[in-house]
Amino acid sequence: MKTAYIVAAYRTAGCRAYKGKFSGMRPDDLAAAAIAGLVERTGIEPGQVEDIILGCAFPEAEQGWNVARVAAMRAGLPVSVPGMTVNRLCSSGLQAVALAAERVQAGLADCVVAGGTESMTCVPLGGNKVTPNPHLVTTWPESFLGMGMTAELVAENHGITREQMDLFAAESHRKAAEAIAAGRFADEIIPVEVEHARLAGGQMKKSSELVSVDDGVRGETTAASLGSLKPVFRMNGTVTAGNSSQMTDGAAAVLVASESFVKKLRRDPAARFVAFAVRGVAPEVMGIGPIPAIPAALALAGLKQDDLGLIELNEAFAAQSLAVLKELKLDPAIVNVNGGAIALGHPLGCTGAKLTATLLSEMGKRRVRYGMVSMCIGLGMGAAGIFEKL
């Protein structure tokens, strides 16, 4: 089996759905900006890209029509460069990276751009037309339980308290605000030009803005302020808007290449793709998905949990993140060191690729050898990907 290298990984800023700076942008345009930025920064010839593989959790409407191919065309890549959209809900972006790496490992490709895109402004959670399978609705209705309710069940099953959730959420904002202030995300973010139009004095005024900072982080957030919020999914529950991930718009792109391509490029790769694993759990407690997925990925990699120096664990909800930390006995000091999705957002199909960019950037700063990206997945799954920094 050949070696798959991550040459580089970049992301756009993550901006709040409906209210954020990308709310007027299409997800295919966001993806195109990420792809074009990756090509420019790596210096590869666009025609060398053999495929574009993008994750998208709800590939319809503005992110339909095979959004990967649309984004490739919009990014100005030659028509010879094809595109494929993949969907494994919240792990779609990481799945795209894994698919690209597996093709390289199999010797079937030398240069693939993987990533993800999602506009939760354009396409809501569940899509524009929610049509669950009638048989499952009748025989296994928990299959389509709302995500917030799954978090409530996880909290109940694993003894996670409201106070623990609010403290975890406040820490996410604190760490993210400190990271932004210190410029720790700057190298991994592709700035995106956003155009604005407003009516002033009876005339349409146009302006543009270069967006390069995540806009959902609230550094002033405290556990006490979060404690005043009411539960939103269950009467007398513990899950609130404040200890849940933010709905976000964003895109990311990762260049995956073979050893021969890297040598021709004359550029040191950022990392080696090591392993990827997905496992299933009961859909009504989908948040615990990383609990079986992480050991599975470690086994494939031939590593132990103690070998990991950094972990990006997607914070779908504080409840499920805390349950994963508790059950696997993960070291909190190496998990989401610059904050997580509660502060920085969870743009669904983009998230896995977004977290890959964040992980590899931080691994370089801390000289960490092995790092991991992991997340829970709707309908009851978990995924984990492991990378070796070179």
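This report covers the fold, a buried arginine, one enclosed helix, three residues with positive phi, and the internal spaces of a predicted model.

## Overall build

The protein chain contains twelve helices and twelve strands. Its radius of gyration is 20 Å, close to the 21 Å that the globule rule gives for 390 residues, so the chain is as compact as a globular protein of that length. Along the principal axes, the C-alpha atoms occupy a box of roughly 65 × 60 × 50 Å. Of the 390 residues in the chain, 57% are buried. Among contacts with a separation of 6 or more, 81% are between residues 24 or more positions apart.

## Arg 11

Strand β1 spans residues 5-11, and Arg 11 lies in it. Arg 11 counts as buried because its relative accessibility is 0%, against a cut-off of under 20%. The side chain of Arg 11 has a polar contact of 2.7 Å with the side chain of Glu 188. Another polar contact, of 2.8 Å, links the side chains of Arg 11 and Asp 214.

When residues up to four places away in sequence are set aside, both of these acidic partners are again found among the residues that Arg 11 touches, which also include Ile 189, Ile 190, Ala 251 and Ala 252. Further contacts of Arg 11 include Phe 185, Lys 354 and Thr 358, and these three residues also belong to the lining of the largest cavity.

## Helix α10

Helix α10 covers residues 318-328. Nine of its eleven residues are buried, so α10 is largely enclosed by the rest of the structure. The buried residues of α10 are Ala 318, Ala 319, Gln 320, Ser 321, Leu 322, Ala 323, Val 324, Leu 325 and Leu 328. The cover over them includes the helices α5 (147-158), α6 (162-181), α9 (290-301) and α11, together with the strands β10 (308-313) and β11 (370-377).

Lys 329 comes just after α10 and takes a positive phi of about 55°. This lysine belongs to the loop between α10 and α11. What does Lys 329 contact, leaving aside its neighbours within four places in sequence? The contacts are Gln 305 and Val 324. Gln 305 is 24 residues away from Lys 329 along the chain, and their C-alpha atoms are separated by 9.4 Å.

## Positive phi and accessibility

Besides Lys 329, two asparagines are considered here. Asn 66 lies in the loop between β3 (51-55) and α2 (67-74), and has a positive phi although it is not a glycine. Asn 336 is found in the loop between α10 and α11, and its phi is likewise a positive value in a residue other than glycine.

| Residue | Phi | Relative accessibility |
|---|---|---|
| Asn 66 | about 55° | 34% |
| Lys 329 | about 55° | 68% |
| Asn 336 | near 50° | 2% |

Is each of these residues buried, partly exposed or exposed? Asn 66 counts as partly exposed because its relative accessibility is 34%. Lys 329, at 68%, counts as exposed. Asn 336, at 2%, is buried.

## Cavity and pocket

Rolling a probe the size of a water molecule over the atoms shows where empty space is left. A search of the whole structure finds one cavity of 30 Å³ or more, and the largest cavity has a volume of about 40 Å³. Its lining consists of Phe 185, Glu 312, Asn 338, Gly 339, Gly 340, Ala 341, Leu 344, Lys 354, Leu 355 and Thr 358. The elements that give two or more residues to this lining are α11 (341-344) and α12 (351-366). Helix α12 gives the most, with three residues. By class, the cavity lining has four nonpolar, four polar and two charged residues.

The largest pocket holds about 1,200 Å³ of space. It is lined by 39 residues, of which Met 120, Leu 125, Met 147, Met 247 and Leu 348 are the closest to its centre. The pocket lining divides into 24 nonpolar, eleven polar and four charged residues.

Terms used
Residues are numbered from 1 along each chain as its sequence is written. This is a predicted model: local features need pLDDT of at least 70, side-chain atom pairs count only at pLDDT 80 or more; totals for chains, interfaces and linings use all residues. Side-chain values use heavy atoms; hydrogens and water are left out. On a 1 Å grid over the protein atoms alone, a cavity is a set of points where a 1.4 Å probe fits but cannot get out, and a pocket is an open set with protein on both sides within 12 Å along at least five of seven lines; lining residues have an atom within 4 Å of a point. Grid points are joined across faces, edges and corners, and a volume is the space filled by probe spheres set on the points. Helices (H or I, at least four residues) and strands (E, at least two) are DSSP runs, numbered from the N terminus. Ala, Val, Leu, Ile, Met, Phe, Trp, Tyr, Cys and Pro count as nonpolar, Asp, Glu, Lys and Arg as charged, and the others, Gly among them, as polar. Buried means under 20% relative accessible area, exposed over 50%, partly exposed in between (1.4 Å probe, protein chains only). A polar contact is a pair of N or O atoms within 3.5 Å; within protein, one must be able to donate a hydrogen and the other to accept it, and residues adjacent in sequence count only if both atoms are side-chain atoms. Contact means heavy atoms within 4.5 Å. The radius of gyration is taken over C-alpha atoms; the globule rule is 2.2 Å times the number of residues to the power 0.38.
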